[in-house]
Every structure is written in structure tokens, then in C-alpha cells.
Amino acid sequence: MAEIGIHARGLPGLPEDHAKIPVWNAENWFYEDFEIGDKIRSIRRTIAEGESMQFNSLVMDHHPYVSDERFAVEEGVFGRRLVAGAFVFSLGLGLAATNCLNSFSYGYDRLRFIKPVFIGDTIYTIRENLAKEVHGETMGKLRVSYSVYKGEGELVLYAEHLLTALYHDPAPFAEAAKVRMAEKAARKG
């Protein structure tokens, strides 16, 4: 796994001695630093009712399963209120997200809500680097999985995050990038 938190990164206006101090949780990884098969596990996090309802209000998700206690208990399939899937997705990714200064989100694939998550459940995430490919002249594309678990390891959500990352040294990827760019142009017609 690429080293976390060892890269100093200056910002405009910082004194030089401050700029030499590594920024917490702001990795300076490049495409070459991502190793296929590397995994990280997040800390655990219990989902509280207040934050669940706040999320529902922010995104206007007031489905009875997530915001009507009486409905959920008396008529719902699960016998209690759910945490909105979008909130579980957001929390799950946030638990294992890095603030890599050289990578950019490209999209998500294979998002699946596998098991229900309830208010009071404790979740954690395992992130794994799945694949990488040359994408263009300045950056490659990565595929990373997020598996979100609750309790004693029950899988509740799975998603794959596509992201691009700058090459530290574009030269070794130049020929493959030209081929890739030509393929993209040919598909567009």
C-alpha cells in the first residue's frame, strides 16, 4: 500500500516550515502508487437516529420506511425503520475514502444494497484496489471496491468506484495512451 501521510504538500500563503509538514489524510499518491489487491479497513461507526433523519430531510427522502416509525413497525416488512440506502452508501464510502490530491472521481458501478441497515447499526468498510488501466496522456483509470459491513461482518452494501489518477511520470504510459485515445476517437466516429 502506498504510504499515507508522508508527503508534504505546500499551499499558497503557508509559511515554508508549515508547508513541509505532511497534511493529515491528504495523500499524494499517483497512478503508479496504487497496487492491485491492496486493502484498507475503516473504523466502525454507529448510525444515530438524528443524523439519519437529518440526511432524509436534506435529500427530501421521506419514504415511510425511513421516516415513519409507526408505519415501519406496524406495516413495514422489516418491523423497524431503515437507514436510507443513499446514506449508507455515503457513510460507507466516507469511512474508507482518502483525500488523494492526484485522483478524481469518474463514477460508480455495481452499487448494490444487499441487506437492510437500521438506526443503531454499526458499520465499517473494506476498500480494495481492483484494477487499473491507461486512460489518457496525463492520467490512468482505477477501479476500487467498497464493501460495507454491519455488526459482526454482515455485508450490507457493495459498490465499485471508478477514478482517475495523475501519472507521476507520463512517459512510460505515452504509447498506450495514444492507442487508447485513438480507440476512443474511433468509437465516437
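In which sense, parallel or antiparallel, do strand 2 and strand 4 pair, and over how many bridges?

1. The model discussed here is a predicted one. In it, strand 2, made up of residues 45–46, pairs with strand 4 in the antiparallel sense, and two bridges hold that pairing. Within this pairing, R45 has I123 of strand 4 as its bridge partner.

2. Strand 4 also takes part in a pairing with strand 1, which covers residues 39–41; three bridges join these two strands, and they run antiparallel. One position can be read off directly, since R41 is found opposite I126 of strand 4.

3. The pairing of strand 4 with strand 5 is again antiparallel and comprises eleven bridges. These two strands form a hairpin, with four residues lying between them.

4. N129 belongs to strand 4, which spans residues 122–134, and its bridge partner in strand 5 is V144. Once neighbours within four places in sequence are set aside, the contacts of N129 are F34, E35, I36, G37, D38, R143 and V144. As for its exposure, N129 counts as buried because its relative accessible area is 7%, whereas the cut-off for that class is under 20%.

5. Turning to the interior, the largest nonpolar core contains 34 residues, and I47, F87, V88, V117, I123 and L157 are those with the most contacts inside it. At least two residues of this core come from each of helix 3 (64–67), helix 5 (85–96), strand 4, strand 5 (139–150) and strand 6 (154–166). Helix 5 provides the largest share, with seven residues.

6. I123 deserves a separate remark, being both the bridge partner of R45 and one of the residues with the most contacts inside the largest nonpolar core. With neighbours within four places in sequence left aside, I123 is in contact with I43, R44, R45, I47, L91, G92, L95, V117, V148, Y149 and K150. Among these, L91, G92 and L95 are also listed as buried residues of helix 5.

7. Helix 5 itself has twelve residues, and the distance from its first C-alpha to its last is 17 Å, which is close to the 16 Å expected at 1.5 Å a residue. Its buried residues are F87, V88, F89, L91, G92, L93, L95 and A96, and of these F87 and V88 also appear among the residues with the most contacts inside the largest nonpolar core.

Notes: Residues numbered from 1 in each chain as written. Predicted model: local features only at pLDDT ≥ 70, side-chain atom pairs only at ≥ 80, totals over all residues. Heavy atoms only, no water. Buried < 20%, exposed > 50% of the residue type's maximum accessible area, 1.4 Å probe, protein only. Contact = heavy atoms within 4.5 Å. Core = buried A, V, L, I, M, F, W, Y, C linked by side-chain atoms within 4.5 Å. Expected span 1.5 Å × (residues − 1). Pairing = 2+ DSSP bridges.
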